[in-house]
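Hi there,

Here is the structure I promised to pass on to you. Have a look at it first, and then read my notes below.

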Amino acid sequence: MPFGRQSDGTRIGWFRRDSGRRPWRLSAKLLIASSIATVIGFSTICASVMLDMRRGEEELARQTLENLAAGIDADISRNIELYDLSLRNVASNLVMPEIMSVSKEIQHLILFDHAATAKHFGVIQVFDAQGKLTHDAASLDPAPEDRGDEEYFQVHRANPDVGLYMSRPMLRRSAYSIVLSRRINDTDGGFLGVVVGSIRFTYFHDLFGRLTLNPGDTITVLRRDRTIIMRTPFDLDVIGKNLAERPKWRADNLKEGIAYAGVGPVDPTPRLYVRSGSTNLFFVVVGKPLASILNLWHREVLRIGAVMMTLILFVVGTTLFLAREIGRRAEAEEKLEELATTDALTGLKNRRKFDIEIDLEWRRAARNKTPVAVLMIDADHFKAYNDTYGHQAGDQVLVGIAICISDSVRRSGDCPARYGGEEFAILLPGLSAVEAFTVAETIRLKVEQWAEDPSVTTVSIGVASMTPTAAIDWSYLIEAADKALYAAKANGRNQSVLAAIPQLALVA
């Protein structure tokens, strides 16, 4: 018969439920969610540990630089203080009344007897109020010199309260030095001149040379006005420059007692800079490249990051593999369930699934006080047709009836099933007897119109509908529909019969 097949001879199967890819079950989603949460948690912990390690490295470097800056500051301060004592002694001895009444030799002895001497200290000299050299610790008859135009001389002459003054780096007696000077006052505070000494750059070279510095480390000694006195690595182009004249560098970048990380004012290398707190004359800034400070930390980050990435890839790979296996298992279980509850020939539910569904709907209808309807359908003269045309033709008849049923019953809660042999059953939750009878007639007429010869393929249908009560179960409903089906056959077939509940009176 033609109605059960397409033009290419394949069986029509649009009444079967779509077997597309089904979503994973909750267990697979929980597995993925828990794995993601685990990865995020461990990554967060790892990142926190890495940041703590970085802060620890930076803090350790800061403390080391602070100690280094403090040590250098203390050494320079001690030597300047020692030298300043000699300058004070010369300044105080010059105003003694007796100094002018003794010979040059005695004057020289009195003035410079206690003067500090060291290989890095320059000769102490005295200049009068006009800047002329009057006394020299290295000679009783020094050569004439005029320092009236020097910065330090003009500062002392203009300001009596300067105290010890540190000059800019300069070339003094063929050696680069910084000049230390004090004002000489008379008994009335008038300006008598200056006493001058110097510290050669060799002192700083010797001091810094005793330290163990890494490539890129810097030590800078600056006056309070931020003029660079000395720097290592030594660069004569930088010495004497004032950082206040650098437009891209702000003094607030490096306040006393505060570290600064970034590019400094001299070169573009990012460093951690620490400033010492010192006297009113100078301060020391020590810098260490950030790359050097964080070198060990970077290696640890790479090592731990590689381990973490390996673990993450392992967890992700394992999770995806297990999730896929869970998904496959879920699909297999669904397919097995479908095979166990679906009639292989017609694609409708089988009797086992029908009994499960009607039991659930019966209980739900009992709670909600709603009706449940059942249609029992039987193919008329099927045995004779099957014996005449063969089992294959008989199977096509059953497929055609199933198609008519599937086209007429489309609600999600409805359950059409092959009940056994040529008999079909349809569960229609929530329908009254009249509504169920309308569905039955739709199916019957569709089967009648579908067949080439109405005398060959028709169906008889028994219809029953009732609202469940505690006194009866759903088998009572099946029995009523089944009796209505037999009544339809007894009345001549190809008709629907509605069972009267509870009297079970049968009407066509």
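**A nonpolar patch on the surface**

Phe 234 counts as partly exposed, because its relative accessibility is 38%. Please keep in mind as you read that this is a predicted model. If you want to find Phe 234 on your screen, look in the loop between strand E8 (228–232) and strand E9 (260–263).

Which residues form a nonpolar patch on the surface together with Phe 234? The partners are Leu 171, Tyr 176 and Leu 236, and the patch has about 390 Å² of accessible area in total.

**Salt bridges**

Next come the charged side chains. A salt bridge here needs a side-chain nitrogen of Lys or Arg within 4 Å of a carboxyl oxygen of Asp or Glu, and by this rule the count comes to 33. Here are some of them, helix by helix.

*Helix H1.* This helix covers residues 26–94, and both Arg 62 and Glu 59 lie in it. Their side chains meet in a salt bridge, with 2.4 Å from N to O. The two residues are 3 apart in the chain, about one turn of the helix. Arg 62 is partly exposed, because its relative accessible area is 23%, and Glu 59 is partly exposed too, with a value of 30%.

*Helix H6.* Arg 329 forms a salt bridge with Glu 333, and the closest N and O atoms are 3.2 Å apart. Why are these two residues separated by about one helical turn? Because they are 4 residues apart in helix H6, which spans residues 295–341. Arg 329 has a relative accessible area of 59%, so this residue is exposed. Glu 333 has 31% and therefore counts as partly exposed.

*Helix H7.* Here the pair is Glu 357 and Lys 353, joined by a salt bridge whose closest N and O atoms are 3.2 Å apart. Both residues lie in helix H7 (residues 351–368), 4 residues apart, about one turn of the helix. Are Glu 357 and Lys 353 buried or exposed? Glu 357 is buried, and Lys 353 is buried as well.

**A network**

One last thing to look for: Asp 75, Arg 78, Asp 206 and Arg 210 are linked to one another in a network of salt bridges. Try selecting these four residues, Asp 75, Arg 78, Asp 206 and Arg 210, and showing their side chains.

Enjoy exploring, and write back if anything is unclear!

Best wishes

Conventions
Residues are numbered from 1 along each chain as its sequence is written. This is a predicted model: local features need pLDDT of at least 70, side-chain atom pairs count only at pLDDT 80 or more; totals for chains, interfaces and linings use all residues. Side-chain values use heavy atoms; hydrogens and water are left out. Patches are made of residues with over 30% relative accessible area and no salt bridge: like charges are joined within 9 Å, nonpolar side chains (Val, Leu, Ile, Met, Phe, Trp, Tyr) within 5 Å. Accessible areas come from the Shrake-Rupley method with a 1.4 Å probe; for residues, only the protein chains shown count as cover. Buried means under 20% relative accessible area, exposed over 50%, partly exposed in between (1.4 Å probe, protein chains only).
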